[in-house]
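Let's take a walk through this one, starting with a charged pair and ending with how a pair of helices meets. Have the viewer ready.

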Amino acid sequence: MKYVKATLRYLFAHFPKLMAIAAVPAAVVAFFMQPQGFGLVLTVKQLEAVESFSDVFFLVFSRNLILRWPYMIFVALLLIMLCISYTMGVVEKHFRVGKFSLRQPFSNINNCFASVFKVFSLLVVIYIVYKFLLVCVLTLFTYVLGNFYVADVVIAVVMAVISLAGFLFLLILLRPIIYAAATMLVYGYYFKDALGVAIKITEKDRLELNIALIFPFAVYFTVSLLLIILSAHWIVLVVVHTLLIAVLLQYVTVYVLIAMFELSGIERRDVRKYY
């Protein structure tokens, strides 16, 4: 749990400033998109209604979002990338010089945006492909179990287990790609070389790294699923998910840099009293 503790310690030590960076993109995602359970929580009725590819498509992408605000997908993704770039620049500079400062936002974003764009775009594509496959698999399971007259409650539990287990397994597989953004930033590598280094260094402390990466997503999924079960009002959903998304974005960004410096043996000046 050392990476979890180190990340939470840093996150809460600078919580107001880090949340200020993530507030706008988190609010946009929470309001316009379907962040409940990462969009992976589907009901039995939704899956039973699947009859064509269009039905699958609108389970992957929110029908309301696609038909009313399709441009908000690109706006939200851009805001998230700007948030991650800014945070990475601020935290990486803090680790190197020992001073936490939100000054020079454009410089920080410019230094990190290229690497963040490449990695985040790839992750988005992988997530979309995964969600398409997940919807198809869950639809098949619903159809098969329904033919055996299995209760909807049991089917719902099976779907929730498949969704969560599959997503967490995907996270572990994607861990080196997530780290590639940090190796590109710290070492100045191109993506291919950065990914190779990320794969190599993350072989150390594999269990600790997996636990630290899974931890915030598991918390997010649990809280989000609880809100769905309780049929929370949409305003409550938006507010709570804004906070969850903001914390998740900053946690993962800080975690990657903390682990990167630790695994690479790079000295962190923020942990010693240089200032």
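Start with E92, which has a relative accessibility of 12% and so counts as buried, since the cut-off for that label is under 20%. Keep in mind that you're looking at a predicted model. What does the side chain of E92 meet in a salt bridge? Its partner is R96, with N to O at 2.4 Å. R96 has a relative accessible area of 37%, so this residue is partly exposed. Both residues sit in helix 6, which covers residues 71-97, and they're four residues apart, about one turn of the helix. That spacing fits a general point: an α-helix has 3.6 residues a turn, so residues three or four places apart point the same way.

How many salt bridges does the count come to? The answer is three. Another one joins R206 and E203, whose closest N and O atoms are 2.1 Å apart. Here R206 is partly exposed at 43% relative accessible area, and E203 is partly exposed too, at 44%. Then there's the bridge between the side chains of D270 and R268, at 2.6 Å from N to O. Are D270 and R268 buried or exposed? Both are buried. As a general matter, side chains of opposite charge can pair when their charged atoms come close.

Now head to the beginning of the chain and helix 1. Its 12 residues should span 16 Å at 1.5 Å a residue, and the C-alpha atoms at its ends are indeed 16 Å apart, so expectation and model agree. Which residues of helix 1 are buried? They are Y3, V4, A6, T7, Y10 and L11. The cover over these buried residues includes helix 2 and helix 6, along with helix 10 (206-229) and helix 11 (234-264). Helix 6 is also where E92 and R96 lie.

Of those neighbors, helix 2 deserves a closer look. In general, two packed helices are described by the angle between their axes and the distance between the axes. Helix 1 (residues 2-13) and helix 2 (residues 15-32) pack at about 85°, and their axes are 5 Å apart. An angle from 65 to 115 degrees counts as roughly perpendicular, so that's the description for helix 1 and helix 2. On the helix 1 side, the contact is made by L11, F12 and A13, while helix 2 contributes F15, L18 and M19. Sorted by type, the residues of this contact are six nonpolar, with no polar and no charged ones. L11 turns up twice in this tour: as a buried residue of helix 1 and as part of the contact with helix 2.

Methods:
Residues are numbered from 1 along each chain as its sequence is written. This is a predicted model: local features need pLDDT of at least 70, side-chain atom pairs count only at pLDDT 80 or more; totals for chains, interfaces and linings use all residues. Side-chain values use heavy atoms; hydrogens and water are left out. Axes are lines fitted to C-alpha atoms, for helices over the stretch in contact, and angles run from 0 to 180 degrees between N-to-C directions. Helices (H or I, at least four residues) and strands (E, at least two) are DSSP runs, numbered from the N terminus. Angles under 35 degrees count as roughly parallel, over 145 as roughly antiparallel, 65 to 115 as roughly perpendicular and the rest as oblique. Contact means heavy atoms within 4.5 Å. Ala, Val, Leu, Ile, Met, Phe, Trp, Tyr, Cys and Pro count as nonpolar, Asp, Glu, Lys and Arg as charged, and the others, Gly among them, as polar. A salt bridge is a side-chain nitrogen of Lys or Arg within 4 Å of a carboxyl oxygen of Asp or Glu. Buried means under 20% relative accessible area, exposed over 50%, partly exposed in between (1.4 Å probe, protein chains only). The expected span of a helix is 1.5 Å times one less than its number of residues.
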